[in-house]
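Q: Please take a close look at one helix of this structure, at what surrounds its buried face and at the charged pair it carries, and then set it beside the salt bridges and helix crossings found elsewhere in the chain.

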Amino acid sequence: MKTTVFSTHKFEEPYLVKANDGKHQLKLLESRLTQETAILATGSKAVSLFTGDDASAHILEKFNAFGVKYIALRSAGFNHVDLAKAAELDMKVARVPAYSPYAIAEHTMALILALNRKLIKAHNRVRDQNFSLNGLTGFDLNGKTVGVIGTGKIGSVLVKILHGFGCKILVQDVIVDENLINSYNVIYTNCETICKQSDIISLHVPLTSSTKHLIDAKHISLMKQGVMLINTSRGGLVDTKAVIEGLKTKKIGYFGIDVYEEEEGLFFEDHSDDILQDDVIARLMTFNNVLITSHQAFLTETALTNIAETTIYNLDCFDKGKVSGNEVS
């Protein structure tokens, strides 16, 4: 099946080619899917999209006119696809539901440790032959209260890791996982309680209308002075401007993100020769207690292999008229 693959990155291309093994005609494009680039899918029966691709209603209508019938997402999230329009056009959409929860959870822990122990500052100092320890004091994670909002696949792995560090763990989710309670002594509570009692808060819920800007000025006001806030889930969960105010007042003592609300067209691309146009992220980058990675948490060999293999499997099922179990609607 001829498939146009948008937003193909060099780091994933060999995994896609290997998983495909010549089965489908893959047209690998570096271009991100936009109104202007949608025409590049002409002649394809399927497209494959990444997190930053725009699959809004107008673009899906264009795809329909080109004869595109299938969308294979190379991500777990699907908030960048207008599913109602896809259903209206009888266009099938499949995702990669779980590629490696360990990759995301471990990266989350890396952000926590790097911020706490000021590893970036320490590394830069040593490279300048400055071996002073002044200003590098961190804190023991053992005994600290950590709030994990969302105890799905990724949140559950993070709970296991945090338990190993000796943390007291508060969690919030619409579904109570009894195994987490029995194995790791987690306490299920609400978002407000987590904000009030946690030394560290980490977000692991999907972006929906109810979770958009979950962390806003109101919730930030409830947090402990000097709280650490981590987001490796979806950028839209956080009102970034409210966080900046929290950083300025020192209510937020540490902020680590791997996702950003306006990351489309920014993350995954080299802008080193450009003038940064996003004033919000530019302001974030001025704080020495902020650590930003550009949607890197998933980037492990295991995850890339699983993403590629599941994507090709979804294309196989589309081609053969089978149900993959990965469809979204």
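A: In this predicted model, the cover over the buried residues of helix H10 includes helix H9 (217-222), strand E10 (227-231), strand E11 (252-257), helix H11 (279-284) and strand E12 (290-292). The residues of H10 that are buried are Thr-240, Ala-242, Val-243, Ile-244, Gly-246 and Leu-247.

Two charged residues of this helix are paired with each other: the side chains of Lys-248 and Glu-245 form a salt bridge, with 3.3 Å from N to O. Both belong to helix H10 (residues 240-248), where they are three residues apart, or about one turn of the helix. Lys-248 has a relative accessible area of 47% and is therefore partly exposed, and Glu-245, at 42% relative accessibility, also falls in the partly exposed class, because buried would require a value under 20% and exposed one over 50%. After the helix comes Lys-250, which has a positive phi, near 70 degrees.

The pair in H10 can be set beside other salt bridges, of which the structure holds seven. One of them joins Lys-23 to Asp-316, with the closest N and O atoms 3.0 Å apart. This pair links distant parts of the chain, since Lys-23 sits in the loop between H1 and strand E2 (25-28), whereas Asp-316 is in helix H12, 293 residues apart. The two partners differ in their surroundings: Lys-23, at 47% relative accessibility, is partly exposed, while Asp-316, with a relative accessible area of 13%, is buried.

Another salt bridge brings together the side chains of Lys-85 and Glu-61, at 2.9 Å from N to O. Because Lys-85 belongs to helix H3 (residues 83-88) and Glu-61 to helix H2 (residues 57-66), this pair ties together parts that are 24 residues apart in sequence. Here the lysine is the buried partner, Lys-85 having 13% relative accessibility, and Glu-61, at 36%, is partly exposed. The two also belong to a network of salt bridges that links Glu-61, Lys-85 and Glu-88.

Helix H12, which holds Asp-316, also takes part in a helix crossing. The axes of helix H1 (residues 13-20) and helix H12 (residues 301-320) come within 8 Å and cross at roughly 45 degrees, so the two helices are oblique to each other, and their crossing is right-handed. On the H1 side the contact is made by Tyr-15, Leu-16, Ala-19 and Asn-20, and on the H12 side by Glu-301, Leu-304, Thr-305, Ala-308, Glu-309 and Ile-312. Sorted by class, the residues of this contact are six nonpolar, two polar and two charged.

A further crossing is formed by helix H4 (residues 101-116) and helix H6 (residues 153-164), whose axes come within 8 Å at an angle of roughly 50 degrees. H4 and H6 are therefore oblique to each other as well, and H4 passes H6 in a right-handed crossing. H4 contributes Pro-101, Tyr-102, Ile-104, Ala-105, Glu-106, Thr-108 and Met-109 to the contact, and H6 contributes Lys-153, Ile-154, Val-157, Leu-158, Ile-161 and Leu-162. This contact comprises 10 nonpolar residues, one polar and two charged.

Notes. Residues are numbered from 1 along each chain as its sequence is written. This is a predicted model: local features need pLDDT of at least 70, side-chain atom pairs count only at pLDDT 80 or more; totals for chains, interfaces and linings use all residues. Side-chain values use heavy atoms; hydrogens and water are left out. Axes are lines fitted to C-alpha atoms, for helices over the stretch in contact, and angles run from 0 to 180 degrees between N-to-C directions. Helices (H or I, at least four residues) and strands (E, at least two) are DSSP runs, numbered from the N terminus. Angles under 35 degrees count as roughly parallel, over 145 as roughly antiparallel, 65 to 115 as roughly perpendicular and the rest as oblique. A crossing is left-handed if the near helix is turned anticlockwise from the far one by less than a right angle, and right-handed if clockwise. Contact means heavy atoms within 4.5 Å. Ala, Val, Leu, Ile, Met, Phe, Trp, Tyr, Cys and Pro count as nonpolar, Asp, Glu, Lys and Arg as charged, and the others, Gly among them, as polar. A salt bridge is a side-chain nitrogen of Lys or Arg within 4 Å of a carboxyl oxygen of Asp or Glu. Buried means under 20% relative accessible area, exposed over 50%, partly exposed in between (1.4 Å probe, protein chains only).
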